[in-house]
Amino acid sequence: MSEIWAFLVILIGCPLLGGLPLIDWIFSGLNGRQLNQLGTGNISVSAAFYHGGQLTGILAVLSEASKGIIAVLLARYFFPNSDSWELVALIGLVIGRYYVTKGAGTTNVVWGIVVHDFVSSVLIFVISGISFTIIRERKTGKFTALFLLGLILILRHPYQEEYIILTLLLASLIAWIYQNIPDDLDLSTSESKENSQKMFKFFRGNKNIISLNNIVLESEKVGEKAANLSQLKQWGYHVPEGWVIPPGEDPQPLIDFLQPSPDFPLVVRSSAIGEDGELASSAGQYLSILNVTNKELLKLAIVDCLASYQRGNAASYRLDQSLSDRGMAILIQKQIKGLFSGVAFSRNPVNQLENCIFIEALPGDATKVVSGKFTPQQYKVFLTETDVFIETKDNNESQKQIISEIAKIARELEQLYQGKPQDIEWSYDGEHLWLLQTRPITNLQPIWTRKIAAEVIPGFIRPLTWSINKPLTCGMWGELFSLVLGERSEGLNFDETATLHYHRAYFNATLLGQIFLKMGLPPESLEFLTRGAKFSKPPFKTTLINLKGLIKLWFRELNLERDFTKDYKQNFIPLLRDIKEQPPEKLSTEQLLERVEKILLSLRKGTYYSILAPLSFAVRQAIFQIPDQDLDNSLLPEIESMKSLGKIAKETRNLVPINEIYDYNCASLFTYLAENPDGESILKQLENWLDKYGYLGDVATDISIPRWKDDPRHIRQIFTEFLLREITAFSKVNKQNNLKNTLVQSRLSLKGRVTKIYSQLLANLRWTFLALEKHWLEKRLLSETGDIFFLELSEIINIIKYNDIGLQNNLENIIQTRKFELQQSQEIPNIPYLVYGNPLLSPVITSAPFSSQQRFQGIGASAGIVEGQVKILPNLDNLATIDKNTILVVNYTDSGWSVVLSRAGGIVAEVGGRLSHGAIIAREYQIPAVMDIENATNLLKDGQWVRIDGQTGLVEIIDK
């Protein structure tokens, strides 16, 4: 019984002891204010010193030290023979301290360790104290002390496994808390209590002189401008030597340190918190002061620059842009004597769809370009993998050479900043190209990409399709993101995850990148999961913060097959059975709407599985490193349908005299089958095949696109090709009966089952709307077949449920307007895969004036090298001339393209990756395939000879 009480005292009593807000009581009693409402909101020893002065701070130290000592002595009393329980008591104390008062518990642990192991505490104090005095970097000092805590305690107890684990747990817990609470030492020293300032200045470390040279600075502390320049330095670019004074800091130490002179002039610049951000540049709002040549001028320049933060126009700008007043850092740099300077935009800020680097430049320093007092020379630079093209009136070749170099740097920086277009201020001094500033181009946010969206829902999208797909897709992604992020998902608008530009679907790459970073994953995670792109190492800190949410997502992943099987039996199959028993042609408009709502309810569940199953498969395959050839794709609809059709073709070959009708066309073959007794069984098999796979089509996710069941003519043509050319699959699965292979294979098979159900639901949704359209054509609400797809779901609901007469009377105008808008979009050539900001309604799309590019790099999706003639295939209308000498070049691939792609000698696609439908089919038939060749249908021409390497992803134009 006594042992139970001992457990309870340590496991419950110590967290409660840690949670006692003694510091808050002391501070409140002495100062009459609540500590959690001041500064960082921490109830900590450092906050007590900062806001309350030395007396309050000393009492705070005593109160927290006593907690640590009491916790260790309690454990020693109840468990006198176990050092481990003393560590358990400290862990409990720290947990209570953090969860109740948001403190790290450092003081508790320090004094607890003094009582627990005096020798270790002395060693830790001496070594960490010496290192901090030498290094003078606070963050390094804190984590050095934690490292020493773990190392010395473990070395003192090397054979106690339980003790070692608890020591590591204690150090890791404090490190995690450090990452999750604001640091009071980041507050301005000048605003602390006067009798605490010296102490704060010491423990803040080397805060008086901050250089751009040593570390990447944090934008929250020194502003984006200074932080960006320090990052550029770390990347190896030429950045003028510089120093930073954080907001509220005393500038005198830096003034004393610097030696400005006529031979060494300085420039004093603003670096306000929030300036040069993604949404607000603050351009021209604050002062920059040049030609600072002595200390007096330096001091005045700092004062004037700081004063510009409070000017009326600057304050109004921050208010208009919803920027909080978080202070201004001062950036002081060596002034560059520029001979040729300017501003480079990695994307054209005026015409977002023009794929050029836009540069303005003038002889002299960079201020002439941005001053507005001079007219700069303009340059448009087009980059390809092999060429640089410059459009300009400038004939100075040396200046054009500099422009070429800065253009390349502009695109490099864009990639380094996760694809965000950059506004770069630069200057050339005759020796080096100096970077003076880089910031996002604010009007080119967010970045929209259709590389991923074209895999999900390719082609031109009509209003009805989008009004259904967008809420399903955005809603489900939002649900998954919220599961991981929890409260930190507040403020994120998941409705902005996707949009239409020129009737094409685009994902919000900026928002998704931000979300993945919040989740502790790299910003390119979605491309890795959907296209097999490279995956960089996720940041440990954010991964740790989201560990709880990631564990929830992991449990969802583990139970995915079980959950799908449950929904398959209880939801999907009963609904599909009911639909089959009661065809839509027999339903009234009200009943059809009711069916639409039932299908949409199931589609919401289906969307969850259609997102999570492929992601789960991609992650498992990446973790367990299972090669594609070791996986069985037979349950995927695109493979299953082909094999089934090939089987029928093989049986037909035994019944039909192929040699007699070899030169006949598709119509002749089916006439022969209809007129001969042996052909009846074949036609019946084809009818059954169409009944089973007729839900597939060019684009399974777009309900406005016909399914095979709607128009079986090209399936008959494909069957004829299968029959006459004896197309068979060659891929053999290297079955590996091990746990890793089984875990990956189970998710691939689940992906196939999900795709089948999801495509069937969408096909039945299409047929339901077609039945509704037939009713409305008879009532003359609509005038042409296909008109219903130019309405939105909400409009259809309003007409049926609420008999909206005004809407009914205006339907013709609405539909004609939307048809005209679609036609305009279809006439735009070369719609880009990346759109920056909000593009023009009537775009002007330009590219490089000329390109001699003969080689194109994509993603290798199916190994092998093949040469052949290009055939551009925008859709499935022209299939007659495809054979093994054909290199099919397509915009996209879908499960419905399977029987077409299998006939080609090679495949090149504008979008996709190793996990796309085309890649899977190509591997199944051992056809070389390359994905992700942007604008391939325009870069390559019908009849051209090309060589494609499906291993390396290289496509090369060759002479024949």
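## Strands around β5

Two strands count as paired when DSSP finds at least two bridges between them. With that in hand, let's begin at strand β5 of this predicted model. Strand β5 spans residues 328–334, and strand β3, residues 266–272, pairs with β5 in the antiparallel sense over 7 bridges. Within that pairing, Ala272 stands opposite Met328 in β5.

Strand β2, residues 242–245, is also antiparallel to β5, and 4 bridges join the two. Here Val244 is the residue opposite Leu331 in β5. Strand β5 itself is mostly covered, with 6 of its 7 residues buried.

## A buried arginine in β11

Next, a look at one charged residue. Arg439 belongs to strand β11, which covers residues 433–440. Its relative accessibility is 12%, so Arg439 counts as buried, the cut-off being under 20%. Leu413 is 26 residues away from Arg439 along the chain, and the C-alpha atoms of the two are 10.0 Å apart.

## The β13–β14 hairpin

Strands β13 (residues 498–501) and β14 (residues 504–508) run antiparallel and are joined by 4 bridges. His501 faces Arg504 of β14 across the pairing. The hairpin has 2 residues between its strands, and Tyr502 takes a positive phi near 55°.

## Two nonpolar cores

Strand β14 turns up again in the largest nonpolar core, as one of the elements that each supply at least two residues. This core holds 80 residues, and those with the most contacts inside it are Ile468, Leu603, Leu765, Phe769, Trp776 and Ile796. Other contributors of at least two residues include helices α18 (463–485), α23 (560–581) and α30 (739–778). The most comes from α24, which gives 12 residues.

Ile468 is a good place to zoom in: leaving out residues up to four places away in sequence, Ile468 touches Leu600, Ile703, Leu765, Phe769 and Leu793. Another core, of 58 residues, lies apart from the largest one, and Ala763, Ala861, Ile920 and Ala929 are among its members.

## Where α27 crosses α28

Finally, a helix pair. The axes of α27 (residues 666–675) and α28 (residues 677–693) come within 5 Å and cross at roughly 115°. That angle makes α27 roughly perpendicular to α28, since the range for this label is 65 to 115 degrees.

On the α27 side, Phe670, Leu673, Ala674 and Glu675 take part in the contact, meeting Pro677, Gly679, Glu680, Ile682, Leu683 and Leu686 of α28. By class, this contact has 7 nonpolar, 1 polar and 2 charged residues.

Definitions and conventions:
Residues numbered from 1 in each chain as written. Predicted model: local features only at pLDDT ≥ 70, side-chain atom pairs only at ≥ 80, totals over all residues. Heavy atoms only, no water. Axes fitted to C-alpha atoms, helices over the stretch in contact; angles between N-to-C directions. Parallel < 35°, antiparallel > 145°, perpendicular 65-115°, else oblique. Contact = heavy atoms within 4.5 Å. Nonpolar A, V, L, I, M, F, W, Y, C, P; charged D, E, K, R; others polar. Core = buried A, V, L, I, M, F, W, Y, C linked by side-chain atoms within 4.5 Å. Buried < 20%, exposed > 50% of the residue type's maximum accessible area, 1.4 Å probe, protein only.
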